[in-house]
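Here are a few exercises to work through with the structure open beside you. Try each task before reading its solution.

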Amino acid sequence: MKQVAAHLTNASVEAITIEGGIVHVAGAPEMSRSLREIAEIAYGEPGRLPEGAPTGLEAQYRYQPPPMTMTSAAHCCIVEVDAETGFVKIPRWISAEDCGTVINPGIVEGQIAGGLAQAIGQVLLEDMPYDARGNPLAATFKDYLMPTISDVPDFEYLHASTPSQTIGGMRGVGEGGCIIGPPTLVNAIADALSPFGEIEELVLPLTPARILDVIEQRDVSGTRAPAAEAKSAAPIVEEAPLVEAAPVASSSIDGDWAMVLKTPMGPQEMVGHFDTVGASVSGYLEAPEGRQEFSGAPLRAASSGSR
């Protein structure tokens, strides 16, 4: 833009400034032109452009983001389980996420809502059974149930909006709902069924019949495996003498580790540095594109390996 404006006003590029949609020439206010005038010449009068300059005002730039940008979310929901029919209702669902700088809240909340609707369908409705010959028993949407407006509650949204280290501070939100949604809903249903005794297994989708399996403690759905027959008493095995194990040297993850991150674009080499203080670990991930620091993560377990 400045090169074209400088050529048209017979000025140097250094003398050109752009402010408020107007191109200004230092020391010559009468030579000011609007961006619209410059654009019309750049696209409609190529003969007036500098020699060798392409028609139009276009530029390309490839942005290389930091090696890793993390996002996070926490969801909770309230469910009502009908003990007579096994039907599940979701009166309330709260979503708290941190996708960095929010450009358009409507798009962010729409992404979350779509993912959560998918999660509700996965947990409660969608099933693809086959018969003994491998023929699908849910070949149409009459049999393959999907969530409708009556199955999806009005979601409540909380945006933490902690900027990341990328340009603009964005993180990501597109897949959050369908990742965190299923365990949120399953945990809520399991909690509602806890008064009916210990839950050995929950098989998705949690149809009303499978919910009644737990409530009535019998095979209502017809999908439970038959109870194992009582086995004969196990033979008595003499206990072997105890042998004291040799002490195992404690392992540490502190220091630098050569790492390879598998990405859709191919493997990306980086160095991971870790420092442990008590039960917490901090450090950074460093690649040619930049460094991403982290701190305060709880140390769950440490394993030995080669550095």
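**Exercise 1. Work out the strand order of the open sheet and how its strands pair.**

Solution. In this predicted model, start with the order: 3 strands make up an open sheet, arranged 4-5-6, with mixed pairing. Next, find the edges. Strand 4 (72–81) and strand 6 (156–159) each pair on one side only, which makes them the edge strands. From one strand to the next, the twist averages 10 degrees.

Now take the two pairings in turn. Strand 4 and strand 5 run antiparallel and are joined by 9 bridges. Strand 5 (residues 88–98) and strand 6 run parallel, with 4 bridges between them. As background, strands of a sheet pair through backbone hydrogen bonds, in either a parallel or an antiparallel way.

**Exercise 2. Find the residues that stand opposite Glu 97 in strand 4 and in strand 6.**

Solution. Begin on the strand 4 side, where Ala 73 stands opposite Glu 97 of strand 5. Then turn to strand 6, in which His 159 is the bridge partner of Glu 97. To follow the register further, look at Ser 95, which is opposite Tyr 157 in strand 6. Finish at the hairpin of strand 4 and strand 5: it has 6 residues between the strands, and Gly 86 there takes a positive phi near 85 degrees.

**Exercise 3. Describe how helix 3 and helix 4 pack.**

Solution. Two packed helices are described by the angle and the distance between their axes. First, place helix 4 (residues 176–193): it packs on the sheet, where it touches strand 4 and strand 5, and its direction makes about 35 degrees with that of strand 4. Second, bring in helix 3 (residues 105–124), whose axis comes within 8 Å of the axis of helix 4 and crosses it at roughly 45 degrees. Helix 3 and helix 4 are therefore oblique to each other. Third, the handedness: helix 3 passes helix 4 in a right-handed crossing.

Last, list some of the residues that meet. The helix 3 side includes Ile 112, Gly 115, Leu 116 and Ala 119, while the helix 4 side includes Gly 181, Pro 182, Leu 185 and Ile 189.

**Exercise 4. Identify the buried residues of helix 1 and what covers them.**

Solution. A residue counts as buried at under 20% relative accessible area. In helix 1 (residues 2–9), Val 4, Ala 5, Ala 6 and Thr 9 are buried. Their cover includes strand 1 (16–19), strand 2 (22–25) and helix 2 (35–44). Just after helix 1 comes Asn 10, with a positive phi near 55 degrees.

**Exercise 5. Locate the unusual backbone geometry at Ser 161, Gln 217 and Pro 205.**

Solution. Most residues other than glycine have a negative phi, and most peptide bonds are trans. Check phi first:

- Ser 161 has a positive phi near 60 degrees. It lies in the loop between strand 6 and helix 4, and is partly exposed, at 30% relative accessible area.
- Gln 217 is not a glycine, yet its phi is positive, about 55 degrees. It sits in the loop between helix 5 and strand 7 (255–263), and counts as partly exposed at 46% relative accessibility.

Then check omega. Leu 204 and Pro 205 are joined by a cis peptide bond, with omega about -5 degrees. Pro 205 belongs to the loop between helix 4 and helix 5 (208–216).

Notes
Residues are numbered from 1 along each chain as its sequence is written. This is a predicted model: local features need pLDDT of at least 70, side-chain atom pairs count only at pLDDT 80 or more; totals for chains, interfaces and linings use all residues. Side-chain values use heavy atoms; hydrogens and water are left out. Two strands pair if DSSP finds at least two bridges between them. Helices (H or I, at least four residues) and strands (E, at least two) are DSSP runs, numbered from the N terminus. Axes are lines fitted to C-alpha atoms, for helices over the stretch in contact, and angles run from 0 to 180 degrees between N-to-C directions. Contact means heavy atoms within 4.5 Å. Angles under 35 degrees count as roughly parallel, over 145 as roughly antiparallel, 65 to 115 as roughly perpendicular and the rest as oblique. A crossing is left-handed if the near helix is turned anticlockwise from the far one by less than a right angle, and right-handed if clockwise. Buried means under 20% relative accessible area, exposed over 50%, partly exposed in between (1.4 Å probe, protein chains only).
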